[in-house]
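Hi there,

Here is the structure I promised to pass on. Please have it open while you read the notes underneath.

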Amino acid sequence: MWFCVSQFKEEARRGFAGLEEPMAGLLAMLEGSGDWKGKGHSLGYCIVTELQLWMKEHPAAQQSGITLKKLQARVLSILAQCPANLLDPLISIYQLHTADRNYLLGHVSHLYHRGDYKEAAVLSIKLKLQPDQDVEKMCTPLLLQDKTNLVEDYVGDYPELQSKLLQILDTWCEPGFNIRDITSQYQGLSGYKPEKFNRKMLSKLVFRLLDRFNADPALCPNVVNQRHLRTLNYLFYKRFVEKTMTQENWTDHVQSTVGENRWLQGHLMQLLMRYCDLKTAARWAQRCNLPKEMLPYRVAEELQKLQERERARGWRRRSWMGSGDHHEERKKEDYYQLPIPRANIHFLETWEETQQCWEKVLRPGQVVGIDMEWKPSFGMVGKPRVSLLQLALHDEVFLLDLPRLLEQAVTEAEKEKLPHFIQRLYSDAAITKLGYGMSGDLSSLAATWSALKDTDKQAQGVVDLLTIDKQLQKGSIDWKKGGRKVDVVSPEQSDEDRGCRQPEKGLSLLVQHVLGKPLDKTEQLSNWEKRPLREEQILYAASDAYCLLEIYEKLCKDPESFGLSSDLTGSLVGKSSMKPRAKKQLNKQEVLSPSGQQCEGHQKKTSCPAAPISPKEFSVVCDNMLQGLGRYLRCLGVDVQMLENEDDHRKAAEIARQEGRVILTSGLPYQTLRSQVAEGRCFSVNSSEKAKEQAVQVLKHFNVQVSLADIFSRCQVGRGGLELRCSLAGSRTAAWVLRSVCCLAPKISA
């Protein structure tokens, strides 16, 4: 096979050398053939890239002057039709970056007015024409067609265009702006998706662009104000409906959200009128120093009374925060409580204090509960930076004040201390690390220190209890319904208190089911950057990390009572469960031959492999989301039947039963289909991978061995009976498979 490729290259180079004008010859070939227009590495693509290399080695063959200009004019008409992978080679061969800029702009304008908006934008990006174009004109039709990635690429290298685009999008989000004024200009636009062109979508796009380009949010006042208003509504819901936020936390977040913004302060008054009494609204009006003309009449009247009372008493600062309510005083017996004394919770804010902590945490065989806290962003720009790192051991908890420690780090060596410790902790397989949703925590750590961006890949000895929680919920109806007997609400609690309690979720629900009582999450949305931390915050942070130790200990002691396998400890310790992928399903499926006969000894830890078979002996039916895999396997000689797009998934089971085929499917349909066929006759493929990698999964699982003689051994494809043309020169599919098999064969044999 490699001999064929090298022979092709030699023939192509001899052909180039024999042509008087290779550049003109290439254009003649492209203009006279349609092979190069499809996706993938076509024959035309191979010739173009080979000529590009040959031209670099033979600069004398390069054209110039009038001849080059004529060739450039011809290649421009081809660029609008060619796939993306041909653009760069053709631009390089015909030196389009040296062409007359006005001529190039005119050609792009012609494409645009013809309705080829995507092609016009792609060509503009390749030729770097954006500074001379109208960003609103170029990007609007792309946004209407939901081509936001192309819009991002269009402005990607130009900060000035990024600012202009953000300002345009923000204008479209202005209250009272009619988006139809934009869409009406593009009536009949192909690919127009009106359901995706609305303020919500535009707002998300603006924040994504602000984050990606690190732009100033002040460019987008309308979008930012609307996001802050949603945050205000959320805070009022958490405080007055769910009743899961303390007065102090709520006040702190409201103040930071509203700031000095008069528009937001006006909306704050409306929300206070809706959820609180007039006195509370008047105190907030006083704190914000709002002019009376901005206030509702009743609030202005109450504010005047308040000021008169204060003048009569003389100024005496009072706690205007509100008197609180009976929901603030949560009874300790209703929630999980730390089983260690307060003296064993250590708040560390100097490097000297951390030394003893690190020595204890890094001992081999240690089990560590890990959690992190950061200030809630409420959907604003930027990734959260970790403010507090909690490390729980059997008899004590360490809380590391990261902002304070970073302030004290002056030299480079000091700045590397903490990231180095965290890397050592996560990469040491001898230390068991417990977490809940660790991938999110590590993502925030990476945003805090770029040196930690690969920590998730290096992690060993990690147990993510979120994964265990999902297994528990999946395997037990009682668990989902809260069927385990737990003591959640004390008998003396009032009916009103009972009514305001919200269903537990996340880690709190897991703690409730395993340990009997939920976590008190009222401090979850605290401002974790504000110092000093309150006592309630310190206890909450310590509990979040320590409860992981107790959950893990109880699950390992008696896993069967929770519906888990008896070898829970052995199956978890030392294995990273940071990001479980669909590939893990391969471990759960027993290895069977295509005939459906189970291997003997399948109850042992490792199943005995099925006898190797050839593709001709292997028959499958592919679900309609795996047509790419089906075509790939067919080219390798497998007997493949594929569902049409409109077919119901259950049709695969009918075909499998009637024709003795194995079902290849993915995702949710797997659970349904596997119950309709014999054991081992349904296989779940990882849908996030490409067809080639999926084929590796299937062939390895069923021990199918492919030889070169099997490739294209089937000349009919599926139900349509369409002929598969197998000539190397004329078939893109042939070239694709031949290239891929070179990579595929070693993986299968491995």
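Below is what turned up when I went through it.

Please keep in mind that this is a predicted model.

Let me start with the nonpolar cores. The largest has 76 residues, and those with the most contacts inside it are Leu26, Leu79, Leu90, Tyr94, Leu169 and Phe197. Helix H12 supplies the largest share of this core, eight residues. A second core, separate from that one, has 35 residues, including Leu388, Val463, Ala541 and Leu555. If you want to look around one member of the largest core, try Leu90: setting aside its neighbours within four places in sequence, Leu90 is in contact with Leu26, Leu30, Val48, Val75, Ile78, Leu79 and Cys82.

Leu169, also among the residues with the most contacts in the largest core, is one of the buried residues of helix H10. H10 runs over residues 159-172, and its 14 residues reach 20 Å from the first C-alpha to the last, close to the 20 Å expected at 1.5 Å a residue. The buried residues of H10 are Leu161, Gln162, Leu165, Leu166, Ile168, Leu169, Asp170 and Trp172. Their cover includes helices H8 (135-144), H9 (148-155), H11 (180-183), H12 (199-213) and H13 (221-242).

H13 also holds Lys238, a residue you may want to look at. Is Lys238 buried or exposed? Its relative accessible area is 10%, under the 20% cut-off, so Lys238 counts as buried. Leaving out neighbours within four places in sequence, its contacts are Lys243, Thr244, Met245 and Leu525. Arg274, in helix H15 (residues 262-275), is exposed, with a relative accessible area of 61%. Arg274 and Phe236 are 38 residues apart in sequence, and their C-alpha atoms are 9.9 Å apart in space.

Next, the cavities. How many of 30 Å³ or more does a search of the whole structure find? The search finds one, and the largest cavity has a volume of about 30 Å³. Lining the largest cavity are Ile370, Met372, Leu389, Leu391, Ile422, Leu425, Tyr426 and Leu445. By type, the lining divides into eight nonpolar residues, no polar and no charged. Strand E2 (367-373), strand E3 (388-392) and helix H20 (412-427) each supply at least two residues of this lining, and H20 gives the most, with three.

Finally, some backbone details. Most residues other than glycine have a negative phi, and most peptide bonds are trans. Here are the places to check against that:

- Arg531 and Pro532 are joined by a cis peptide bond, with omega about 0 degrees. Pro532 sits in the loop between helix H26 (506-515) and helix H27 (535-557).
- Lys128 is not a glycine, yet its phi is positive, near 55 degrees. Lys128 lies in the loop between helix H7 (117-127) and H8, and counts as partly exposed at 47% relative accessibility.
- Phe712, likewise not a glycine, has a positive phi of about 65 degrees. Phe712 belongs to the loop between helix H33 (691-701) and strand E11 (716-717). At 12% relative accessibility, Phe712 counts as buried.

Happy to talk any of this through.

Best wishes

Definitions and conventions:
Residues numbered from 1 in each chain as written. Predicted model: local features only at pLDDT ≥ 70, side-chain atom pairs only at ≥ 80, totals over all residues. Heavy atoms only, no water. Helix = DSSP H or I, 4+ residues; strand = E, 2+ residues; numbered from the N terminus. Expected span 1.5 Å × (residues − 1). Buried < 20%, exposed > 50% of the residue type's maximum accessible area, 1.4 Å probe, protein only. Contact = heavy atoms within 4.5 Å. Core = buried A, V, L, I, M, F, W, Y, C linked by side-chain atoms within 4.5 Å. 1 Å grid on protein atoms, 1.4 Å probe; cavity = no way out; pocket = protein on both sides within 12 Å on 5 of 7 lines; lining within 4 Å. Points joined across faces, edges and corners; volume = space filled by probe spheres on them. Nonpolar A, V, L, I, M, F, W, Y, C, P; charged D, E, K, R; others polar.
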